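Welcome, and please load the model in your viewer. We will take it one selection at a time.

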Amino acid sequence: MLHPDQRRQPPASRTPALTLVQSFDPSIADVLHAIETLTAKVDQLHTLLAPRKSALTLDPDEIARTMDQLKMARPLPKETSP
């Protein structure tokens with residue numbers, strides 16, 4: 001049961017507020033601008049939510065290139081002659 005202060009007002013008392021509302025017919029330019037703005041904000045949100053790449057992450061392509069270089073490299077002698 002509602003408290004007496006929490007009673008809803010009858011719908012008739014709420015209708016005068018609706019007369020203050022004016023219809024808004026946006027132009028195509030306004031709609032396109034709103035879409036562009038929303039797209040930019042969604043892109044920012046995706047950027048913030050995307051996991052950041054760690055500097056410690058190994059790149060498989062880089063590992064393959066390094067292994068190929070090591071296969072082609074000549075071994076260095078363990079002792080250098082004076």
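Here is a short tour, from the whole chain down to a single residue.

**Whole chain.** Start with everything selected, and keep in mind that this is a predicted model. In cartoon view you should find three helices and zero strands, giving the pattern α-α-α along the sequence. Now switch on the surface: the protein exposes about 9,000 Å², and carbon and sulfur atoms supply 62% of that area. Of the 82 residues, 0% are buried.

**Colour by pLDDT.** The mean for the protein is 78, with 66% of residues at 70 or more. Where is the lowest mean pLDDT among the elements? Select residues 11-18, helix H1, with a mean of 57. Helix H2 has the highest mean, 94.

**Residues 28-49.** This selection is helix H2, which has 22 residues. Try a distance between its end C-alpha atoms: they are 31 Å apart. At 1.5 Å a residue the helix should span 32 Å, so the two values agree. Is H2 largely in the open or covered? The number of buried residues among its 22 is zero, so H2 lies largely in the open.

**The nonpolar patch.** Next, show the side chains of Ile28, Val31, Leu32 and Ile35, which form a nonpolar patch on the surface. Together they have about 390 Å² of accessible area. A general point helps here: an α-helix has 3.6 residues a turn, so residues three or four places apart point the same way.

**Val31.** Finish by centring on Val31, which lies in helix H2. Its relative accessible area is 38%, so Val31 counts as partly exposed, the category between 20% and 50%.

Technical notes
Residues numbered from 1 in each chain as written. Predicted model: local features only at pLDDT ≥ 70, side-chain atom pairs only at ≥ 80, totals over all residues. Heavy atoms only, no water. Helix = DSSP H or I, 4+ residues; strand = E, 2+ residues; numbered from the N terminus. Expected span 1.5 Å × (residues − 1). Buried < 20%, exposed > 50% of the residue type's maximum accessible area, 1.4 Å probe, protein only. Patch = residues over 30% accessible without salt bridge, like charges linked within 9 Å, V, L, I, M, F, W, Y side chains within 5 Å. Areas by Shrake-Rupley, 256 points an atom, 1.4 Å probe, with all protein chains shown as cover. Salt bridge = Lys/Arg side-chain N within 4 Å of Asp/Glu carboxyl O. pLDDT = per-residue confidence, 0-100.
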